Each structure stands twice: as structure tokens, then as C-alpha cells.
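Trainee: Could we go through some of the words people use for a structure, and see where each one comes from?
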Amino acid sequence: MIRITHLEKVYRTDEVETVALNKLTIEVKEGEFVAIMGPSGCGKSTLLNILGLLDDPDSGSFMFNGIEVAKFNERKRADLRKRNIGFVFQSFNLIDELTVFENVELPLIYTGVKAAERKKRVEAVLDKMQIMHRRNHYPQQLSGGQQQRVAVARAVVNNPKLILADEPTGNLDSSNGNEVMQLLTDLNEQGTTIIMVTHSEHDARYSHRIIRMLDGQTVLENIMV
Amino acid sequence: MVINFFKIAWRNLLRNKSFSFINISGLAIGMAAAILILLWIQHEVSYDNFHEKKDRLYQVWNRYTTEGETGCWNNTPKPMALAISQDYPEIERAVRVNFLPPVKIALGDKQFYGRGRIVDSSFLEVFTFPFVKGNAATALNDVSSIVLTEKLSQSIFGDEDPVGKILKLDNADNFKVSAVVKTPPANSQFEFEFLLSWSYMRMKGWDDTNWLNNSVATYVLLKKNSSLASIEPKIKTLRKKYDKDDPKIETFLYPMSRWHLYGSFENGKESGGRIEIVRLFGIIAAFILLIACINFMNLSTARSEKRAKEVGIRKVVGARKKSLVFQFLGESVLLAFVAGIFAFIIVELALPSFNKLVDKKLFIDFSNPPFWLAAFAFVVITGILAGSYPAAYLSSFRPVSVLKGSLKAVNALITPRKVLVIAQFSFAIILIIATIIVRQQIQKAQDRQAGYAKDNLVYHFTEGESAKNYTLIKNELLASGTAVSVTMTSAPVTEGWSNTWTLEWRGKDPKDRTVINRFCADDAVTKTLGLQLVAGRDFDLKSFPTDSNAALLNESAVKSMGFKEPLGQIIKDMGQDWHVVGVIKDFIINSPYHPLEPMFIAGANGWFNVIHIKLNGKNPTGKNIASLKSIFKKYNPEYEINYRFADEEYGKKFSGEKRTSTLATLFTLLTIVISCLGLFGLSSYMAENRIKEIGVRKVLGASVSNITILLSKDFLKLVLLSFVIAMPFAYWAMHAWLQNFPYRVSIQWWVFALAGLSAVFIALFTVSFQAIKAAIVNPVKSLRTE
């Protein structure tokens with residue numbers, strides 16, 4: 001599903017040049033659950049951003065479902081992103097001015113789904129995430145675990161092929177964290193590819209494979225049994 | 001999607017109440033000011049727009065060049081109209097209009113006053129004044145026909161049908177009402193209340209074929225297929241054929257569309273006119289609106305950190321830049337719409353006072369579909385203008401950086417927000433400087449010595465029997481102790497009615513074309529008016545019966561005529577010799593903004609229209625006036641007394657500039673209020689964004705004043721920069737404005753200093769409120785919010 005080859009990304013300021021990704025090569029197959037680990041500054045977030053088509057590499061190749069997307073422009077990336085990729089963030093990133101229902105509905109609006117169909121699909125996914133009773137609440141009225149469930153609901157409502165999770169349990173206590181990890185596992189079992197950046201060895205154990213990074217390169221891959 | 005946008009816009013509006021309040025109130029005030037000015041502009045540009053044949057209507061003007069100077073005027077000889085309609089087949093009609101002074105109209109015992117015009121009978125066919133009763137074909141056919149406007153008819157007859165009723169004008173002739181027309185709207189040159197037929201001119205012997213007497217207005221209607229270009233070269237030389245005395249005077253046609261807005265000529269060329277004021281106010285309206293929009297831009301972008309997350313999320317879930325731009329523009333249009341509702345409420349509330357201020361009867365025609373269209377367009381354009389920059393700015397955030405929280409307010413050297421604040425304050429400072437200088441100029445003219453004693457001086461036009469019974473009136477006024485001196489004159493002391501360059505005296509250079517004001521007074525003029533004699537004596541008919549052809553000169557006239565010894569000189573004018581018996585100090589008869597002009601005052605053999613009365617200062621004014629009324633009633637029983645105080649009339653000379661000054665003050669205050677609203681909002685966001693910094697600084701020992709100065713300093717720099725930018729613009733604009741006044745103030749440096757200091761003070765006051773508020777917060781609290 002994803003094949004990146006010799007990917008490079010360098011951040012430059014006036015005085016400092018930071019190599020975030022150094023000729024990185026990774027492959028992720030459809031249906032996999034991959035965890036990316038490594039110390040701060042190793043390039044894992046940069047990698048996730050590029051995988052999520054939020055950022056573009058300086059050089060190298062990025063094949064997504066057999067299409068070269070490394071040189072896509074903003075508009076093409078947005079199109080591809082909204083149809084194929086869902087995001088889960090450490091800090092949930094829900095829109096404070098929108099209700100739970102409206103937050104989850106947002107991706108459907110941008111993919112042009114009709115209102116009636118939107119209602120059906122949002123309700124279905126809220127049900128699945130067991131957050132239906134909170135549909136008319138605003139994010140501030142929810143606990144962290146509930147907010148992250150809403151964020152997961154938003155990520156999956158469009159039935160993306162790929163979910164990118166950036167430390168999804170980072171802001172949660174262990175029981176809420178486990179709940180979210182179980183949700184991701186369930187989704188993976190239903191066929192969604194998941195790539196997750198994490199600092200937690202515990203969370204990483206939910207995945208099939210751990211990619212460990214250092215200084216913009218992979219240093220080790222563990223296959224989980 | 002649109003519903004979603006409006007939903008979030010509405011919630012944002014409610015959630016951030018102070019932000020919404022500042023934005024909406026600023027925008028509403030700005031829009032209201034702009035709407036008021038636009039209403040006024042609309043009124044000005046729509047003058048005489050209601051005439052159906054307006055595109056074919058022209059007024060006949062004259063142009064004459066002498067000594068390299070070209071003058072233009074629009075009064076024509078009476079035979080002009082006939083000559084034009086005979087000689088030029090392109091002309092469908094030529095119409096004359098003779099202006100009458102306000103005249104008494106009597107219906108039985110009841111008295112009214114009305115402003116009338118004597119017109120050719122086709123006047124009502126050429127111009128569009130719709131008939132309420134009667135018709136254009138017969139309205140002015142008879143010498144004794146009178147056409148009334150609806151308003152005058154209403155005040156004389158009430159709801160009765162006036163047609164066929166008899167009215168007596170000026171105690172002399174009877175007229176039969178033949179028709180009633182709709183009252184001309186306020187935006188018309190034709191401010192008549194009744195019309196008489198031209199045949200009445202002939203009957204009274206007022207008509208003539210004299211080409212020297214330029215005293216009536218002549219209008220022409222071009223035929224449908226004729227063009228101005230084809231007739232222009234031909235009509236130019238019309239006077240060659242008819243005017244034996246001045247064959248060189250050129251004739252030209254001036255289109256109706258330019259009468260009101262232009263109509264001012266300088267050396268033969270159109271030189272602006274009202275259009276300049278219209279443009280100026282248009283610019284002011286645009287600027288005030290722009291300033292209000294700038295507030296919106298500033299506050300919206302200042303809040304960007306709060307909105308950044310939303311932008312990031314929307315982009316991540318698939319929003320394109322275009323849809324975000326659309327969303328933010330939608331929000332600003334919604335806000336503009338709410339502000340627009342408030343603006344129209346403000347306008348409705350302010351209109352009566354504004355009308356008083358500009359001396360107009362402006363109103364909003366809510367029943368008019370184009371109004372709604374214009375209002376809608378106005379709101380949408382304002383919303384788009386205000387939202388354009390924030391939309392472009394907010395929608396360009398990159399999700400990677402905003403969601404990571406790495407978007408930090410950059411303290412760049414020049415940011416668009418700073419530029420906007422500078423633009424606002426530059427404009428405010430320009431307006432402050434302009435207001436001070438306008439006020440100074442008016443004060444200077446007001447402080448100027450008029451050159452005569454205005455106190456206790458009243459005058460009265462000689463209507464009815466008052467001229468005939470003048471001696472009786474005068475004697476009784478003096479005998480009763482009501483007045484201390486009474487003089488009959490050709491014109492009020494506050495208005496120059498006559499001037500000429502045809503005076504003759506020994507030693508006059510034949511090429512001398514100096515225009516000299518002409519004034520007539522029968523007796524004791526320096527005493528009545530309180531003029532100051534420099535040499536010789538006042539008119540004194542009792543002691544010197546030959547004073548009926550005596551004359552006085554003012555100092556400027558003596559200088560201009562070149563007299564070393566003015567007393568005893570003979571001046572020829574109006575076919576008579578006048579001998580100079582005295583010299584007076586100059587006094588202001590025309591504009592207090594102009595240099596003093598030479599003046600020649602002729603004695604009792606001159607012509608007279610006005611009685612000047614110096615009331616007895618020992619009596620209370622009320623008693624004098626009561627006595628004055630009864631004496632006039634006695635000798636002029638048919639007329640209501642119509643006296644005026646010289647000081648009030650003199651004061652009217654300042655009304656135009658006073659209006660300018662009041663308007664300038666008003667718009668300056670509005671600009672300052674709107675700018676301060678913006679600054680207030682901006683500073684509150686700045687303080688909010690720096691809460692952590694302030695906390696850290698306080699923990700490290702900064703005092704409240706340290707923090708206040710820290711937060712205020714940045715804004716102060718912007719205001720100072722605005723001052724530097726505003727200064728040359730203000731100087732240039734006010735220098736140009738002052739050129740309109742030959743008698744004017746010079747621009748002084750302290751005006752700029754004062755404007756700059758006020759701007760700094762106002763800005764500091766606005767900003768320090770937020771700065772102090774932020775500075776006194778306990779650092780434990782502000783650091784905990786992290």
C-alpha cells in the first residue's frame with residue numbers, strides 16, 4: 001500500500017540545518033498495523049506528516065496505492081487525503097465550536113456526502129464508538145477518553161484505507177488509553193491499515209510490527225508475534 | 001456546507017462576545033457614517049435628475065474675455081431666447097425665467113409669502129413638474145394666470161380646490177389660479193412656489209429688448225436628433241448679429257447634468273464646484289468604512305491562533321483552501337450583515353440631526369427596491385472588504401505547523417497588522433490636524449473686525465408703503481426714542497449688491513478695470529452703521545442740502561483711485577457727478593474671508609431698498625422691537641414687518657464653514673472612536689498572547705509599570721510612525737484648502753504637535769487599560785494556565 005524509497009526531508013533555518021529524514025525507505029502493506037518508535041527528534045512525526053500528505057519530502061519517492069504522490073500539489077494531496085486517510089492526534093484536535101456530531105460529520109461534508117447519508121453514517125460510527133449519547137455535547141464537556149473516541153470516530157467515518165495515529169494515548173490515562181488501543185485494533189481487524197507513532201512500548205505491542213527510528217533512519221524492525 | 005459555515009460563524013459570534021461587540025460596533029459606526037455621507041452624495045448627484053428631457057436641456061451662458069481674463073456668467077438679455085429659437089433649427093424650445101424676490105400673496109385678509117418665477121409659457125412643457133390640477137397647455141396662457149405648487153396651495157387654501165380662485169400679489173395685481181403642480185423636490189435648482197406668465201412681464205413694462213441688460217435665465221431644449229457639437233460653433237457668435245455694444249461676448253450652452261455639481265468657472269474654464277466637495281466626502285466615507293474594515297482585519301488576524309487549530313483540522317479532513325476562504329468570507333459577510341442592521345438603525349436615529357447639520361432633507365426610501373439592492377450590495381461589499389485579508393491569511397495556515405502548536409506570533413519588523421494600525425492612525429491624525437485648522441480659520445474670520453457696529457443695528461427691506469412713508473417712519477423712530485439714527489441704503493450692510501468698474505474720476509487710467517463696490521445711503525450713514533471716519537464728514541442733509549449728490553470713499557478706494565487729496569474729488573456714476581465729502585475705514589460687506597475691497601457710497605440721489613435702524617441702546621431690545629413693529633404697522637399696514645439683526649445676518653456668513661467644521665469634528669471623532677475600538681481589541685489579544693511572558697517577567701521581578709510600558713511601547717511606536725506619515729499629507733491638504741480663503745491663517749507647527757500628542761495620548765489611554773489589566777494579574781495564575 002505504501003512504499004517510500006530514499007525519502008529525504010531537511011529543515012533549514014538561518015543557521016541550522018536539521019535532517020529529519022535521511023534517505024528513509026519503508027514499506028507498509030495493506031491491512032498492517034505498524035508502530036513507529038524512537039526518541040524525540042528522530043523524524044517520526046515528520047514521517048507521519050509526509051505519509052498523511054500534510055507535508056512534502058525534499059526528495060525520494062512515495063508510492064501510495066501504486067501512485068507516485070511525492071510531487072503532488074496541495075489540491076491533489078487534499079483530494080487524496082480526504083478519501084483515503086484518517087488522522088488521530090495526541091491532543092485530539094476537535095473543533096471547540098462544533099458538537100460531537102458536527103465534528104465527526106466534517107470529513108463527510110468535505111467529501112460531498114448528502115445530508116441524510118451523513119446523518120446515517122455519523123450515527124453509525126458514534127454508536128460503534130459508544131459515544132452516541134454525547135452527540136450534542138461540545139468537546140470541552142467530554143473527558144479525554146471520550147474526546148479521543150470522537151477523534152477516532154471522525155478518523156474512520158469516511159471509511160479510510162489508512163489511519164495515521166500520532167501518540168493517540170499520549171494524553172490519556174491507562175484505562176482510557178487501553179480502550180483507544182482496542183478500538184484501533186478492532187479497526188485493523190476489519191481491514192484498515194494503521195500506522196501509529198508512539199513512545200509507549202505497551203501500546204506498540206498492539207501492532208504487528210515496530211519500526212524503530214534514529215536520526216531520520218530506521219535502525220531496527222521488530223516483528224511482533 | 002454553507003449551513004455548517006454559518007453555524008460555526010454564528011457560534012463564534014456568540015462565544016467571543018467582546019470580540020463580536022468591538023467588531024460589530026466598529027463596523028456599524030463606520031457603515032452608518034458611510035451611509036449618511038452616501039445619502040448626501042446621492043442627493044447631490046441626483047439634482048434635477050427627474051426632468052424627463054434632462055439629456056436635451058441646457059442653460060445659456062456667456063463668456064467674455066478682456067485684458068486676458070475670461071469671465072463666465074449665466075444671466076442673459078431677455079431677447080436672447082427669441083433670437084435663439086429663430087436662428088437655430090436645432091433648438092426645439094427656448095425658455096426664459098425671471099426670478100422674483102419673495103412677494104406678499106393675499107387671499108382676502110390672509111397674508112402669505114411666496115417665491116415666484118415669471119416664465120415663458122412652455123416652461124412647464126420643457127421641464128418636468130407634474131400637474132396635480134390643470135395642464136401644461138393652458139396653465140400659463142393668460143396674463144393673470146398663476147400656477148401654485150402643492151405646498152403653497154396647501155398653506156393658502158388647505159384642502160380646498162384652488163383652481164379659479166383669486167390671489168392678490170404685492171398689493172397690486174389679481175391672479176387667478178390656473179393649475180397646481182407637484183412641489184419641486186429638494187434636489188432641484190428650481191425652488192419656486194408659484195409661476196406667472198411672461199405676458200405679465202410685458203404688461204408691467206418689465207420686458208425689454210435691451211442686449212445690455214443681462215437679467216434673466218434662458219434655457220433651451222435641443223431637438224431629439226440634434227447634438228450639442230453641431231450647434232456649439234454656431235451659437236458661439238450669436239451676439240455678433242444682435243448685440244451692438246458687446247458683439248464679442250460668446251454664447252455657449254451648459255448641459256443640465258453639470259449645473260449643480262460643476263457650474264463654477266475660472267478664467268473661462270470649468271473649475272470644479274460642488275463636485276469637489278462631493279468627491280471629498282466620498283473619500284472620507286470610503287476611508288471611514290475602510291478604517292472600520294481594518295479593525296475587523298486586525299482583530300480577526302490577531303485571533304488567528306485561536307482559529308488556527310480549526311483551520312488545521314479542516315485541512316486535515318479534506319478542506320481545500322478555496323472552501324476555507326469561502327468560509328471566512330461568509331463569516332465576515334454575516335458579521336457585516338449584523339453590523340449593517342445596527343448601522344441602519346443608527347442612520348435612522350441620526351438622520352434628523354444630520355439633516356440639520358447639512359441643511360438638507362435626506363431620508364431613506366425603504367419602499368424603494370433599488371434601495372434594498374444597494375443596501376445589500378453595500379453590506380456584502382463591506383463584508384468582503386473586511387474579510388478579504390483575514391480569509392487569505394487564515395486559510396493559508398499549514399496544518400502541520402498549527403496542529404503541532406508551533407505557530408507562534410512572529411514579531412516581525414513589518415507585519416500587515418502593523419501596517420493597518422498605521423493606516424488607521426495616519427488617517428485619524430490627518431483628520432485631527434484638518435479639524436484644528438478649519439476651526440482656526442473660522443475663528444480668524446470671526447475675530448476679524450467687521451468695520452462697523454453690528455450691535456443694536458437692524459434693517460428692513462422697503463416693501464409696500466415703507467419707502468413712500470420713509471420720512472414719517474424715520475421721524476417717529478427717532479422722536480419716540482426707539483432709534484438713535486436711521487439711514488436708507490441701497491443694500492443691507494451685510495451684502496454687497498452692486499459693483500462696477502465704470503466709475504470715472506479725474507486722472508483715471510482708461511485701462512483701469514478695478515471693480516469697486518457701489519453702495520447708496522441717504523443720510524448719516526457713518527452714524528447709523530457705526531463706520532469710522534478717517535477724513536471729512538458724514539452725509540448731513542440738514543446742514544448741507546447738496547449732500548444728496550455727495551459721496552464717501554473707503555480707504556481702499558482712495559488708494560485704488562490714486563487720490564492724494566480725496567476730499568472734493570468728483571466721481572461720475574449713474575449719469576451723475578458725486579462729490580467726495582468723507583473717507584471711511586474699510587468695512588466687510590461681502591466675505592469675511594476676502595481682503596477688504598474698495599467702496600464708493602453715493603448720497604441721497606442714489607437708489608434705495610433697505611432701511612437701517614440703529615436702535616437706542618438705553619432701552620431693552622424687546623421694547624425697541626415692539627415700538628419698531630407698531631411704527632411700521634402704522635405706516636405700512638398691509639405688510640408684516642420683516643426686520644433682521646445685522647449681527648445675526650453677519651453670523652450667517654460663517655454658516656458654510658461652520659458646517660464644514662462641525663462635519664470635520666464629527667468625522668474625526670468617529671474615526672478616533674473606531675480606531676480606538678480596534679486598538680483596544682488588538683491590545684487585549686496581545687496581552688492575552690503574552691500572558692506567560694508577563695508571568696515569567698513578574699516572577700523575575702518586573703513591576704506593574706515595567707509590564708505596562710512593555711506592552712504599550714509597541715503600539716506607541718506605531719502611532720509615532722503614523723504621525724510622521726500623516727504630517728506631510730495633512731500639510732498638503734490643508735494648504736490647498738486654505739487657498740480658498742484670501743484672508744486666512746498660516747499653518748503653525750504646534751497644530752501638528754498637538755495632533756501628534758493627542759494621538760499618542762488617545763492610543764496610550766486605550767492600550768494601557770489592557771496593559772495594566774494584564775500586568776496586575778498574579779503570575780501564579782497566569783503560569784498555571786500553561
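Mentor: Here is a short talk about one chain's overall build, two helix pairs and a set of strands.

Mentor: First, the ground rules: this is a predicted model, where local features need pLDDT of at least 70, side-chain atom pairs count only at pLDDT 80 or more, and totals for chains, interfaces and linings use all residues. Residues are numbered from 1 along each chain as its sequence is written, chains are lettered from A and ligands numbered from 1 in the order in which they are written, and side-chain values use heavy atoms, leaving out hydrogens and water.

Trainee: Why is chain A called as compact as a globular protein of that length?

Mentor: Check the radius of gyration, taken over C-alpha atoms, against the globule rule, 2.2 Å times the number of residues to the power 0.38. Chain A has 17 Å, close to the 17 Å the rule gives for 225 residues, so the label fits. Its C-alpha atoms fill a box of roughly 50 × 40 × 35 Å along the principal axes.

Trainee: What makes helix 2 of chain B oblique to helix 12 of chain B?

Mentor: The axes of helix 2 (residues 17-45) and helix 12 (residues 321-358) of chain B cross at roughly 45 degrees and come within 7 Å. That makes the pair oblique: under 35 degrees is roughly parallel, over 145 roughly antiparallel, 65 to 115 roughly perpendicular, and the rest oblique. By class, their contact has 23 nonpolar, two polar and no charged residues.

Trainee: And how do you know how helix 15 of chain B runs relative to helix 21 of chain B?

Mentor: Helix 15 (residues 416-447) and helix 21 (residues 655-689) of chain B have axes that cross at roughly 155 degrees and come within 9 Å. So helix 15 of chain B is roughly antiparallel to helix 21 of chain B. In that contact you find 15 nonpolar, nine polar and four charged residues.

Trainee: How do you know which strands pair with strand 24 of chain B?

Mentor: Count bridges: two strands pair if DSSP finds at least two between them. Strand 21 (residues 533-536) of chain B pairs with strand 24 (residues 576-584) of chain B over three bridges, antiparallel, and B:Gly536 has B:Gly582 as its partner. Strand 22 (residues 550-554) of chain B pairs with strand 24 of chain B in the parallel sense over five, with B:Leu553 opposite B:Val583. Strand 23 (residues 570-573) of chain B runs antiparallel to strand 24 of chain B, joined by four bridges.

Trainee: What lies between strand 23 and strand 24 of chain B?

Mentor: Two residues, in a hairpin, and B:Met574 in the turn has a positive phi of about 50 degrees.

Terms used
Axes are lines fitted to C-alpha atoms, for helices over the stretch in contact, and angles run from 0 to 180 degrees between N-to-C directions. Ala, Val, Leu, Ile, Met, Phe, Trp, Tyr, Cys and Pro count as nonpolar, Asp, Glu, Lys and Arg as charged, and the others, Gly among them, as polar.
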